[in-house]
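Let's take a walk through this structure together, starting from a single residue and moving out to the pockets. Have the sequence and the 3D view open as you read.

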Amino acid sequence: MGAGPECHADQQMIVKTEYADISVAGPRMRAFVAAPRAEGEYPGIWCYSDIFQLSPPLLRTCVRLAGYGFVVAAPEIYRRIEPPGTVIPFDDAGRTRGQQDAAKTPVADFDADCRAGLDWLSKHPKVACGKIGVIGFCIGGHLAFRAAFQPDVRATVCYYGTGIHDGKLGKDADAGSLACAKEIRGELLMIFGTKDPHVPEAGRETVDRALRDSGVRYKTLLYPAEHAFTRDEGPRYDPEATDLAFAETIQLFRKIFGDWGQ
């Protein structure tokens, strides 16, 4: 298995981006892909967006992560509902639209797309064999949590995942995600803002208790921030909390997959 290029202190990781169509049944699955331009093989990270799909803040996050030596692929989570290329606006109407799209999508469809996406990512020519991780934000945090059930996912980071504590996901009133936590074989990082009304303290405690009881290898990080604090558009953005959480994300991925320069 090839490694990434030799790392030097003065060497910058240059990133290449593109859109890819993933072959699936029904409407195509379109994904934004950010990868190191340098030759070599790198860990692959499947990245789930929030309800607004592939917005500029999400794409910037993908590029930033790729710059640390990862092949990052982010799918359009509403590919069965919205036309390819749809980015939902950050306004009240957009929020309602994103929530309605989620409410039309059965968990079984999300899970099927997850498996198809992971299979595609694992075959990407720049992805090292056996090095697959997942990250997600908001509803994507819940989707990332469920992706961790897949046996080939070795590390997962869930940012303020909604509905994990009460089971609500998409069309399903109870996806039973916490009940399946024992299926997680890789390591898990749960990140929350303490001012997040969507995941209140009682909800975080429910998640923590279930993970402890399931024997999952996990870590929970709390920041004095609001929901969607990493989204660098709008009043909830918290740069310091974002940078601290991002550093922890990189630390986990490098712990599991190794430094890209090794």
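Apart from neighbours within four places in sequence, D50 is in contact with I77, F137, C138, I139 and R231. Keep in mind as you look that this is a predicted model. To find D50 on the chain, go to the loop between β3 (42-48) and α1 (56-66). Is D50 buried or exposed? Its relative accessibility is 11%, and because buried means under 20%, D50 counts as buried.

Now turn to the largest pocket, which holds about 490 Å³ of space. It is lined by 22 residues, and those closest to its centre are I51, Q99, C138, T162 and H198. You have already met C138, as one of the contacts of D50. Which element gives the most to this lining? That is α2, with four residues. Both α2 (92-103) and α4 (139-147) supply at least two residues each. Sorted by class, the lining of the largest pocket has eight nonpolar, eight polar and six charged residues.

The next stop is the second largest pocket, with a volume of about 180 Å³. Here 15 residues form the lining, and T61, R64, T230, T242 and F246 are the closest to the centre. Two or more lining residues come from each of α1, β5 (127-137) and α6 (239-257). The biggest share belongs to α1, which gives five residues; this is the helix that follows the loop holding D50. As for chemical character, the lining of the second largest pocket divides into seven nonpolar, four polar and four charged residues.

Technical notes:
Residues are numbered from 1 along each chain as its sequence is written. This is a predicted model: local features need pLDDT of at least 70, side-chain atom pairs count only at pLDDT 80 or more; totals for chains, interfaces and linings use all residues. Side-chain values use heavy atoms; hydrogens and water are left out. Buried means under 20% relative accessible area, exposed over 50%, partly exposed in between (1.4 Å probe, protein chains only). Contact means heavy atoms within 4.5 Å. On a 1 Å grid over the protein atoms alone, a cavity is a set of points where a 1.4 Å probe fits but cannot get out, and a pocket is an open set with protein on both sides within 12 Å along at least five of seven lines; lining residues have an atom within 4 Å of a point. Grid points are joined across faces, edges and corners, and a volume is the space filled by probe spheres set on the points. Ala, Val, Leu, Ile, Met, Phe, Trp, Tyr, Cys and Pro count as nonpolar, Asp, Glu, Lys and Arg as charged, and the others, Gly among them, as polar.
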